Protein chains: 2
Amino acid sequence: MEFKVVGKDKETAARTGLLRLPHGEVETPCFMAVGTQATVKAMTPEELTAAGAQMILANTYHLGLRPGIEIVAAAGGLHRFMGWEGPILTDSGGYQVFSLCDLRKIEPEGVTFRDHLEGSTHFLSPAESVRIQQALGADIIMAFDDCPPYPSDHDSACKSLELTLQWARTCRDSHRDGNQTLFGIVQGSVWRDLRRRSIEELEQIGFSGYGIGGLSVGEPRQLMYETAEYTASLLPENKPRYLMGSGTPEEILVQVGFGIDMFDCTVPTRYARNGTVFTPGGKMVVRNGVYRADFRPLVEGCACYACRRFTRAYIRHLFNTREILGARLATTHNLFFYFDLMKRAREAIAAGSFAEYQRAFLDRWRGSGCESEGSAHTLPEE
Amino acid sequence: MEFKVVGKDKETAARTGLLRLPHGEVETPCFMAVGTQATVKAMTPEELTAAGAQMILANTYHLGLRPGIEIVAAAGGLHRFMGWEGPILTDSGGYQVFSLCDLRKIEPEGVTFRDHLEGSTHFLSPAESVRIQQALGADIIMAFDDCPPYPSDHDSACKSLELTLQWARTCRDSHRDGNQTLFGIVQGSVWRDLRRRSIEELEQIGFSGYGIGGLSVGEPRQLMYETAEYTASLLPENKPRYLMGSGTPEEILVQVGFGIDMFDCTVPTRYARNGTVFTPGGKMVVRNGVYRADFRPLVEGCACYACRRFTRAYIRHLFNTREILGARLATTHNLFFYFDLMKRAREAIAAGSFAEYQRAFLDRWRGSGCESEGSAHTLPEE
């Protein structure tokens, strides 16, 4: 992997960069569509590319359960299995064990847990997570970490961090494949001294990039912003910074301003399947009856396939009748919206007008009142 | 509409033809994909075209309930509403009232029924069915008919036929739009004298084409074949013959040999969504575990998108994890399989080798034992 910072904004910490990976180049800041089970829900690889996807994310935990790592390995790896030829990032399974599983028993050696499907008992260790991710063959893999819940007092967050750092060392030592890049994950809940210590120790271990974990787990949005901004400010300038599991369009655009380079979130795809699409003026619940005779596209002037070809009335009808095409069109639009948001952010950073772009976007978005709930979403799993 | 018979087989009654319609030309024999609710389930219009679709079918009954005819009309008609630019055929609603609704009260003026969604009471008459179909704007519309169940004794079938003939006259008289073609529907259950009388009277009323109704409603397959063959043999040579709601690949290829020109059925799309795909050797339940590490395409050498890009193992994984892409890929394959079956049949008829092609296909298909149940399917609705 190679990463270089290409441009920096003057008013904010936003920056553009270029990530060279075995399966292609990625311009940052970028949004990775989530392909939990080796498919970005409802989309083909070609449609992802057409919508603007550069890199996607897949989940070690889910793929380990179904179809099983040996199947993906026998297929020739995740790229071949799912027919996606661009870069892939896999997460380590740590977050899924934290968020989806019962009866977790966390020990220095790893985690024993019951899976969310059949309730069978499994054991996952840092070395095993790396081994699995190597078998999957993603371009970027993540260290196995412990994700403390929100709230966590300083003492528990500190203990959790110790474990994450110990596991980070094991992951680093277990990692072999020269074609794959291993990222460390910064933890420490919302405690600044722990975030700082986390970064210092991870830098000593030595990683090619850093995930910011432990956010979007139920904390107030403002606290997420403060923690992400503080954490990003301490991370080394020349390495990519990946804010894990965040967020809405508003959250992403704010945090691009903190100097975050990579994002992933299930929001665009999950909202889409529930009949909610994104517009510059905020969320639109297109399945609502108010759109039954509205023959405009989802967003006037939007260049996505759904907006070029179909009306709100038709897409509303598809949701009303539970037709698969409804989920497809809404997903296509929402992903296009996200990729376009990132593209415009990159262009604005390059043109020296990011702060202005960010302000204009947020004013229009917030004017709709659609993100007034004020806390980071807590269910990033699909 | 123009229809001309282009070629005739010597050994069977099979024939090729060309149907010129306002939205395009259709080569016959053809299979129409079913787009019950103004969408062929899981597919975009472009994907339908890529799979080989020429003409699709939509349902008056369903569209009348959701989104409502006034919405489709306000959109500029069904073509514009759903973004399908090729020919469309709509059925009259008669069959859906028969197969989906409770508390039918059939009177000479029309049918009072409760819909299958909310149980509200509706009244549908022949004139109203024509009016609705004109508002939808399909290229071919169907007369409103009464579909007797199987079995029906001669007396009930005869009374039902009287009603269908009376309604056919009303439909003919109500039909105005010069761009649309109205087909009559032959009924008469499995009674030869009634089928004959039905055709004679419909010809007197005068239609540009004929549907063969009342089959695939639970009768033994052999009886369906005999009735379809007999009926087709009495229909005028120079008008298109449309066997409504049939059938499996075997049933279609057999009945092409009777001189049927048009088919529609939910089998390829419905089977696909349940994880069953068609192969020259019969049905394959690709969601089964036996395919978990099978890295061949669904059908070796198949040119469909699913087979060119993905493996059985991946598609099986998609069904196992209930991913939308699984239904999409299986639907794409099954529709391609059907359209390809028709294309090869047309080519064989043109080349004078249809009987040979039919025999080879049926031998291989029946060798698998996969259609041994011996009765026509009874649930053609999606």
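The exercises below, each with a worked solution, concern a predicted model with chains A and B.

**Exercise 1. Work out how chain B is related to chain A, and which residue of chain B has its C-alpha nearest the axis.**

Solution. Begin with the general principle that two copies of a chain are related by a rotation about an axis together with a shift along that axis. For this model, chain B is superposed on chain A by a rotation of 180° with 0.0 Å of shift along the axis, and the RMSD is 0.0 Å. The two copies are therefore related as by a two-fold rotation axis. To locate that axis within chain B, look for Ile324(B), whose C-alpha is the nearest to the axis in that chain, at 3.7 Å.

**Exercise 2. Describe the side of chain B that touches chain A: how many residues take part, which elements supply them, and how do they divide by character?**

Solution. Count the contacts, taking two residues to be in contact if their C-beta atoms lie within 7 Å. On this basis 30 residues of chain B are in contact with 30 residues of chain A. Then assign the residues to elements: α3 (69–74), α4 (78–82), α13 (312–320) and α14 (324–351) of chain B each give two or more residues to this side, and α13(B) gives the most, with 5 residues. As for character, the residues of this side divide into 17 nonpolar, 8 polar and 5 charged. Finally, compare the two partners: 100% of the interface residues of chain B are also interface residues in chain A, so the copies meet through the same surface.

**Exercise 3. Determine how many residues of α13(B) are buried, and what covers them.**

Solution. A residue is called buried here if 20 or more other C-beta atoms lie within 10 Å of its own. By that criterion 8 of the 9 residues of α13(B) are buried, and the helix is mostly covered. The buried residues are Arg312(B), Ala313(B), Tyr314(B), Ile315(B), Arg316(B), His317(B), Leu318(B) and Phe319(B). Their cover comes from both chains, since it includes α3 (69–74) and α4 (78–82) of chain A together with α12 (305–309) and α14 of chain B. Following α13(B) along the chain, one meets Arg322(B), whose phi is positive, near 55°.

**Exercise 4. Trace the sheet β1-β2-β3 of chain B and find the helix that packs on it.**

Solution. The sheet is open, has 3 strands in the order β1-β2-β3, and its pairing is antiparallel. Its edge strands are β1 (2–8) and β3 (24–28) of chain B, each of which pairs on one side only, while the twist averages 15° from one strand to the next. Between β1(B) and β2 (residues 15–21) of chain B the antiparallel pairing extends over 6 bridges, and Glu2(B) stands opposite Arg20(B) in β2(B). The helix to find is α14(B), which packs on the sheet and touches β1, β2 and β3 of chain B, its direction making about 120° with that of β2(B).

**Exercise 5. Place β6 of chain A among its neighbours and say which way its residues point.**

Solution. Strand β6 (residues 88–91) of chain A is joined to strand β5 (residues 56–59) of chain A by 4 bridges, and the two run parallel; here Asp91(A) is the bridge partner of Asn59(A). The strand β6(A) also runs parallel to β10 (residues 140–142) of chain A, to which 2 bridges join it, with Ile141(A) as the partner of Thr90(A). For the directions, recall that in a regular strand the side chains alternate between the two faces of the sheet. In β6(A), Ile88(A) and Thr90(A) point one way, Leu89(A) and Asp91(A) the other way, and all are buried.

**Exercise 6. Characterise the contact between the two domains of chain A, starting from the domain 1 side.**

Solution. The domain assignment gives domain 1 (2–265) and domain 2 (277–353) of chain A, with 28 Å between their centres, taken over C-alpha atoms. Across the boundary, 23 residues of domain 1 of chain A are in contact with 20 residues of domain 2 of chain A. On the domain 1 side, β2 (15–21), β4 (30–34), α1 (45–51) and α10 (249–256) of chain A each supply at least two residues, and the largest share, 4 residues, comes from α10(A). The residues of this side divide into 14 nonpolar, 3 polar and 6 charged.

Terms used
Residues numbered from 1 in each chain as written. Chains lettered and ligands numbered in written order. Predicted model: local features only at pLDDT ≥ 70, side-chain atom pairs only at ≥ 80, totals over all residues. Nonpolar A, V, L, I, M, F, W, Y, C, P; charged D, E, K, R; others polar. Pairing = 2+ DSSP bridges. Axes fitted to C-alpha atoms, helices over the stretch in contact; angles between N-to-C directions. Domains from an automatic or database assignment. Buried ≥ 20, exposed ≤ 12 C-beta atoms within 10 Å, placed from the backbone. Least-squares fit on C-alpha atoms with pLDDT ≥ 70 in both.
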